[in-house]
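Subject: Structure handover

Hello,

I am passing on the structure we talked about. Please open it first, then read the notes below it.

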Amino acid sequence: MLTDILYDVMTDLIYGSVIIAAVAYLCGCFNGAVIVSKYILRDDVRTHGSGNAGLTNFFRTFGGPLTLVVILTDVLKAVVAIIAGVWLAGQLMRISSGEMDLATRILTKYWAGLWCLLGHMFPCMFHFKGGKGILSGGTIAIMIDWRIALVVWGGFLVLAVVTRYVSLGSCWAGASFPFATWFVYQDTILLVLSIVIGGLILYMHRANIHRLLTGTENKFSPHHKKE
């Protein structure tokens, strides 16, 4: 009987994890910069500037009020991915105790957040060429825990404003995320997931890191570039 119970629990966990990952990934695939530029402006943002499908490159290329649509899209998809993931976890995983429910919710937020970022960075519907994940990643941090978000966003804003290097603030966000996670939760599984998330962000900024080290990185300007 115990074997049957363990089998049911493992089945729930595996099945639930796969479903949550799939839903979160599809949410992440709705890249605001690509959707707005390609289907509204009829000019794919990935053919301009850095070639990145992110907020910074969109603003530098197009500017205008549609930038707010990009922001809203990338924020909302992260919110939906986390909320849907937590809801699915409650529906698919038979866990009864309150403490375990809390642990499951936190773990689910990290798991769904990871797959949402993967969808944003490598969207299947846009030839796996997406953005670098800062706006969506920052939203995920807020959805997980305000203390983690304070560390991630606080450092990002200070560095971006003082140096005008958005990429430097972005690198802080990726690098500080695992440390903030460990400080708040001190959990090995969450630490591993946070390292993967932070590592993905740093990986997507590898070209920016090279330019920062060589002094060739572009500083942010409130005015978009006209081609």
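Helices H2 and H4 are oblique to each other, because their packing angle falls outside the ranges that count as roughly parallel, antiparallel or perpendicular. That angle is about 135 degrees, and the two axes lie 8 Å apart. The crossing of H2 and H4 is right-handed. On the H2 side, Gly 32, Ala 33, Val 36 and Ile 40 take part, and they meet Leu 66, Val 69, Val 70, Thr 73 and Asp 74 of H4. Sorted by class, this contact has six nonpolar, two polar and one charged residues. Please keep in mind that the model is predicted.

H4, which covers residues 66–92, also packs against H6, at an angle of about 40 degrees and with the axes 8 Å apart. H4 and H6 are therefore oblique to each other as well. H4 passes H6 in a right-handed crossing. From H4, the residues involved are Ile 71, Asp 74, Val 75, Lys 77, Ala 78, Val 79, Ile 82 and Ile 83, and their partners in H6 are Leu 135, Ser 136, Thr 139, Ile 140 and Met 143. By class, the contact of H4 with H6 has nine nonpolar, two polar and two charged residues. Asp 74 appears in the contact with H2 and again in the contact with H6.

How many of the residues in H6 are buried? Nine of the eleven are, so H6, residues 134–144, is mostly covered, with buried meaning under 20% relative accessible area. The buried ones are Ile 134, Leu 135, Ser 136, Gly 137, Gly 138, Thr 139, Ile 140, Ala 141 and Ile 144.

One residue of H4 deserves a separate note: Leu 92. Its relative accessibility is 22%, so Leu 92 counts as partly exposed. The C-alpha atoms of Leu 92 and Ile 20 are separated by 9.6 Å, while the two residues are 72 residues apart along the chain.

Now the chain as a whole. It has ten helices and zero strands, and read along the sequence the pattern is α-α-α-α-α-α-α-α-α-α. Of the 227 residues, 44% are buried. Among contacts with a separation of 6 or more, 67% are between residues 24 or more positions apart. The accessible surface of the chain comes to about 12100 Å², and carbon and sulfur atoms account for 71% of that area.

Regards

Methods:
Residues are numbered from 1 along each chain as its sequence is written. This is a predicted model: local features need pLDDT of at least 70, side-chain atom pairs count only at pLDDT 80 or more; totals for chains, interfaces and linings use all residues. Side-chain values use heavy atoms; hydrogens and water are left out. Buried means under 20% relative accessible area, exposed over 50%, partly exposed in between (1.4 Å probe, protein chains only). Helices (H or I, at least four residues) and strands (E, at least two) are DSSP runs, numbered from the N terminus. Contact means heavy atoms within 4.5 Å. Accessible areas come from the Shrake-Rupley method with a 1.4 Å probe; for residues, only the protein chains shown count as cover. Axes are lines fitted to C-alpha atoms, for helices over the stretch in contact, and angles run from 0 to 180 degrees between N-to-C directions. Angles under 35 degrees count as roughly parallel, over 145 as roughly antiparallel, 65 to 115 as roughly perpendicular and the rest as oblique. A crossing is left-handed if the near helix is turned anticlockwise from the far one by less than a right angle, and right-handed if clockwise. Ala, Val, Leu, Ile, Met, Phe, Trp, Tyr, Cys and Pro count as nonpolar, Asp, Glu, Lys and Arg as charged, and the others, Gly among them, as polar.
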